[in-house]
Amino acid sequence: MSNMKLKLHCSNVSKTFIQKGNQEVPVIRDITIDVYENEFLVILGPGQCGKSTLLKIFAGLEQPDTGTITLDGKPVEGPGPDRGIVFQSYMLFAWKNVRDNVELGLKLRGIPAEERRKIAQHYIDLVGLTGFEKHYPHQLSGGMKQRVGIARAYANTPNIMLLDEPFGQLDAQTRLFMQKETARIWEQEKRTVIFVTNNIDEALYLGDRIVLMEGKLPGTIKTEYVIELPRPREHTAMDFLQLRKEITDNTELVL
């Protein structure tokens, strides 16, 4: 990675939450990660290991107790348009149609109507929702709703995309389809992506590099894997299966 431009630097980050009765719950401890420009980095770990908290710190939605985060050399001190976020829950406005949901960030930034319509249409087309511009969330499947969220995040032209288990609510077939769509979109719209998941197959299918977290609190980094499998990837390819076994043997995760 030495010849790649550093995008995000996370140095010795720790976070502890205070629960009722002033009980301290250490969530992550001494996390150090470098993320590079146009890299697809996957943070892999079981539930309750602190990976979503780490992503929220990258997003500026949580502040670390210790350590620093920089994006393009500048400290991350709060949310900003330079980071696009897609959560597991769809986070769409029920009273807005697809186009209006995708345009929302552009409208808040004061982009003129004609320009934001053009930008929104580009990303609606990119995620495969052409023809659904006037549909409302209740008229869409789970996978389609998540594609609206991805289009909305991309439309704001962030420097980095943060995806927090975005396919966790989908059935297995739709989840596989969305993995393929995510890989396709990333290939077309090269951008730095940090993707959180608890699914080994998903991590291997998408990632250039996998950061594996320990399966307990406080979350720490156990190891990293550089994934040099050719794209598009096949879940049944021998090298894919060998890597899956190696990661499975090293953790307590679902396939």
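Which element gives the largest share of the lining of the second largest pocket? The answer is α1, which supplies 3 residues, and with that helix as a starting point we can walk through the open and enclosed spaces of this structure, keeping in mind that the model is predicted.

The second largest pocket has a volume of about 240 Å³. Its lining is made up of 13 residues, and those lying nearest its centre are Gln48, Cys49, Gly50, Ser52 and Thr53. Besides α1, which runs over residues 51-59, the strands β1 (6-19) and β2 (23-36) each give two or more residues to this lining. Sorted by class, the lining of the second largest pocket contains 5 nonpolar, 6 polar and 2 charged residues.

The largest pocket holds about 520 Å³ of space. It is lined by 23 residues, and the closest to its centre are Arg83, Gly84, Ile85, Arg152 and Asn156. Two or more lining residues come from each of β6 (83-86), α2 (98-108) and α4 (142-155). In this lining, 13 residues are nonpolar, 7 are polar and 3 are charged.

We can now turn from pockets to cavities. Rolling a probe the size of a water molecule over the atoms shows where empty space is left. How many cavities of 30 Å³ or more does a search of the whole structure find? The search finds 2, and the largest cavity has a volume of about 50 Å³. It is lined by Phe40, Ile150, Tyr154, Met161, Leu163, Thr182, Ile185, Trp186 and Val193. The elements α4, β7 (160-164) and α5 (172-188) each supply at least two of the lining residues, and the largest share, 3 residues, comes from α5. By class, this lining has 8 nonpolar residues and 1 polar residue, with no charged residues.

The second largest cavity, with a volume of about 30 Å³, brings us back to α1, because that helix provides the largest share of its lining, 3 residues. The residues around this cavity are Leu55, Lys56, Ala59, Leu61, Ile85, Phe87 and Asp164. Of these, 5 are nonpolar and 2 are charged, while no polar residues take part. Ile85 has already appeared among the residues closest to the centre of the largest pocket, and it also lines the second largest cavity.

Cys49, which was named among the residues nearest the centre of the second largest pocket, leads to a further topic. A disulfide is a covalent bond between the sulfur atoms of two cysteines. Why is cysteine 10 not bonded to cysteine 49? The closest cysteine sulfur to that of cysteine 10 is the one in cysteine 49, and because these atoms are 14 Å apart, they are too far from each other for a bond. Cysteine 49 is accordingly in no disulfide, and the count for the structure comes to 0 disulfides. Cysteine 10 is buried, with a relative accessible area of 0%, and cysteine 49 is buried as well, with a value of 1%.

A last stop is arginine 209, which is found in strand β9, a strand covering residues 209-213. Is this arginine buried or exposed? Arginine 209 counts as buried because its relative accessibility is 4%, where the cut-off for buried is under 20%. Its side chain makes a polar contact with the side chain of glutamate 39, at 2.6 Å.

Conventions: Residues are numbered from 1 along each chain as its sequence is written. This is a predicted model: local features need pLDDT of at least 70, side-chain atom pairs count only at pLDDT 80 or more; totals for chains, interfaces and linings use all residues. Side-chain values use heavy atoms; hydrogens and water are left out. On a 1 Å grid over the protein atoms alone, a cavity is a set of points where a 1.4 Å probe fits but cannot get out, and a pocket is an open set with protein on both sides within 12 Å along at least five of seven lines; lining residues have an atom within 4 Å of a point. Grid points are joined across faces, edges and corners, and a volume is the space filled by probe spheres set on the points. Helices (H or I, at least four residues) and strands (E, at least two) are DSSP runs, numbered from the N terminus. Ala, Val, Leu, Ile, Met, Phe, Trp, Tyr, Cys and Pro count as nonpolar, Asp, Glu, Lys and Arg as charged, and the others, Gly among them, as polar. A disulfide is a pair of cysteine sulfur atoms within 2.5 Å. Buried means under 20% relative accessible area, exposed over 50%, partly exposed in between (1.4 Å probe, protein chains only). A polar contact is a pair of N or O atoms within 3.5 Å; within protein, one must be able to donate a hydrogen and the other to accept it, and residues adjacent in sequence count only if both atoms are side-chain atoms.
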